[in-house]
Amino acid sequence: MPALTRRTFLTGSAALGAYGLGLGGASLYATASAATPITLEAKTANALLDGQHLTKGVMTYGLESASADPMPPTLRVKRGEPFAAKLVNRLDEPTTIHWHGLRIDNRMDGVPFLTQPYVYTGDSFDYAFTPPDAGTYWYHPHCNTLTQMGRGMTGLFIVENPDDPVFDAEIDINLRDWRLGSDGQFIEQFKPRDAAKNGTFGTVRGANWQVQPAFDAPAGGLVRVRLAATDVTRIYILKLDGAEAKIVALDGQPLAAPLALDQVTIGPGQRLDLVIRMPESEDQTVSLSDIRPSTAKVVATFRATGASLKRDLGEVRPLPANPWTPPDLKNAETIPLILSATAENAAKESFCGSLGYSFWAINKVPWPGDTSDPMAPLAELKRGRSYILNLENPTPHLHPIHLHGMNFQVIASNARAVAPLISDTYLVLPDEKVQLALVADNPGDWVLHCHIIEHQKTGMTSYIRVT
């Protein structure tokens, strides 16, 4: 069980008792019990984000054995081995941790009121789970999300598979931007008019808390690049110049066959694993650019070093698959989910922050905020049964829709040819109708929301219940 201080318990126990929230019964995704916990401190810091000015008031996570690097640490674990972390809150406001993309016990999911109490200043919360899937994931708060994520609280979480092929190097990239003024200090995180459209974009674009970071990699080598789009708004179209590469995984899930990279679109919350064949000669460079919207922006470069290893991109083989139970499509129940704009009501105030507006909804019902009585679930699913989410986007905007706690498989779209990819996040195009199939195999209340955080915090959020 999570460790609760008396103050946190008294605040959150009413909400937990009201819902049950999958606290009873066995789960396929067992809570870890034998791991030595790390301590993650939620705290403020100063950081050089634009390459010129020291930005004050950055929010981040730091390990107890802190390094000088203010960026949240990349956490690495092995599939099937227990992991434990104690979150200690040094911020001046409540917070939590959500482990994005990981199919874990509902109690560990980090959503205030729905799965756990929020963690007050000075309090702590114990997370413990055993990741069933290998891949590239990440972690972030689910409390005052726009501010806390926008100011830095996004870190990579890598689950290694001992059976993965060995590459000549591995590079992890945390892809995000910042809303900074000309003096390098934070400016208003959002504009209401933009929140009602695509969202409010950052002013400084970068990776790993740097502007155009440069990474060294062996010349002629095969380099695995794990990339997570942790931005609160930006949708990227990524293109590689100076080398060839193959996509080996999307959203943590290996592709059945590696796919040659031309350009690829990923939205907030999504992840991408590439294998780059580095150039032959030392000091040759490769650039990774975001070409959306019209002016391309280099987000990172890779420099070849040493004598060529003479590797061949044809050596790249599929990564081992993660466990997956195919849905029974013939007997699957259909659940309609319509993404829509709304002007029904203003958002409620909550301990976890409100933007004060209600622009978006799912099935015409806007999320009222992180409160002890959020609303009824979109649907109640029976454990072990198959379901198809009929997701429809009649709006003129893209929405990266993320489901907590479970994976789905893309089976059909009216807008494009789709491969039967397994994922937890799907970037829904304007006017697209897409079918996502899943087996309800993880009990609890699981949030479904747009990962453009302004859309999430102004109504495009709900949850499904698995019993």
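This is a guided tour of one predicted model, stop by stop.

**Whole chain**

Start with everything shown. The protein has 467 residues, and 58% of them count as buried. Colour by secondary structure: four helices and 30 strands should appear. Now think about contacts between residues at least 6 apart in sequence. Of these, 75% join residues at least 24 apart. Switch on the surface. The accessible area comes to about 17,700 Å². Carbon and sulfur atoms account for 52% of that area.

**Largest pocket**

Select L250, L255, V410, A419 and L421. Of the residues lining the largest pocket, these lie nearest its centre. The pocket holds about 920 Å³ of space. Extend the selection to the full lining, and you have 37 residues.

Which strand gives the most to this lining? It is β15, with seven residues. Select 253-260 to show β15. Then add β14 (244-250) and β16 (263-266), which each supply at least two lining residues. Further along the chain, β25 (408-413), β26 (422-423) and β27 (425-428) also supply at least two each.

Colour the lining by residue class. Expect 25 nonpolar, eight polar and four charged residues.

**Second largest pocket**

Move to the second largest pocket, with a volume of about 210 Å³. Select N161, D164, P165, E170 and R224, the closest to its centre among 13 lining residues. Three strands each supply at least two residues of this lining: β3 (75-78), β9 (169-178) and β12 (222-229). Colour by class again. This time there are seven charged residues, five nonpolar and one polar.

Keep R224 selected for the next stop.

**Second largest cavity**

Now look for enclosed space. Rolling a probe the size of a water molecule over the atoms shows where empty space is left. In this structure there are four cavities of 30 Å³ or more. The second largest of them contains about 70 Å³. Its lining has 13 residues, and those closest to the centre are A134, G135, R224, G252 and L319. R224 is thus listed by the centre of this cavity and by the centre of the second largest pocket. By class, the cavity lining divides into six nonpolar, four polar and three charged residues.

**H142 and N144**

Go to the loop between β7 (135-140) and α2 (145-150), and select H142. Is H142 buried or exposed? With a relative accessible area of 4%, H142 is buried, because the cut-off for that label is under 20%. Show side chains here. The side chain of H142 makes a polar contact with the side chain of H404, at 3.4 Å.

Stay in the loop between β7 and α2 and select N144. Check the backbone: phi of N144 is near 45°. That is a positive value in a residue other than glycine. N144 has a relative accessible area of 18%, so it still falls under the 20% limit for buried.

**M278**

Jump to the loop between β17 (271-277) and β18 (285-290), where M278 sits. What is the relative accessible area of M278? The value is 1%, and M278 is buried.

Show what M278 touches, leaving aside neighbours within four places in sequence. One group of contacts is A217, P218, A219, G220, G221 and V223. Another includes F302, R303 and A304. V286 is also in contact with M278. Then draw a C-alpha to C-alpha distance from M278 to L313. The two are 9.5 Å apart in space and 35 residues apart in sequence.

**K364**

Finish at K364, in the loop between β21 (360-362) and β22 (380-381). K364 is not a glycine, yet its phi is positive, at about 70°. Is K364 buried or exposed? K364 is exposed, because its relative accessible area is 61% and the label needs over 50%. Draw one last C-alpha to C-alpha distance, from K364 to T342. It comes to 6.8 Å, across 22 residues of sequence.

Notes
Residues numbered from 1 in each chain as written. Predicted model: local features only at pLDDT ≥ 70, side-chain atom pairs only at ≥ 80, totals over all residues. Heavy atoms only, no water. Buried < 20%, exposed > 50% of the residue type's maximum accessible area, 1.4 Å probe, protein only. Polar contact = N/O pair within 3.5 Å; in protein donor to acceptor, adjacent residues only side chain to side chain. 1 Å grid on protein atoms, 1.4 Å probe; cavity = no way out; pocket = protein on both sides within 12 Å on 5 of 7 lines; lining within 4 Å. Points joined across faces, edges and corners; volume = space filled by probe spheres on them. Nonpolar A, V, L, I, M, F, W, Y, C, P; charged D, E, K, R; others polar. Contact = heavy atoms within 4.5 Å. Areas by Shrake-Rupley, 256 points an atom, 1.4 Å probe, with all protein chains shown as cover.
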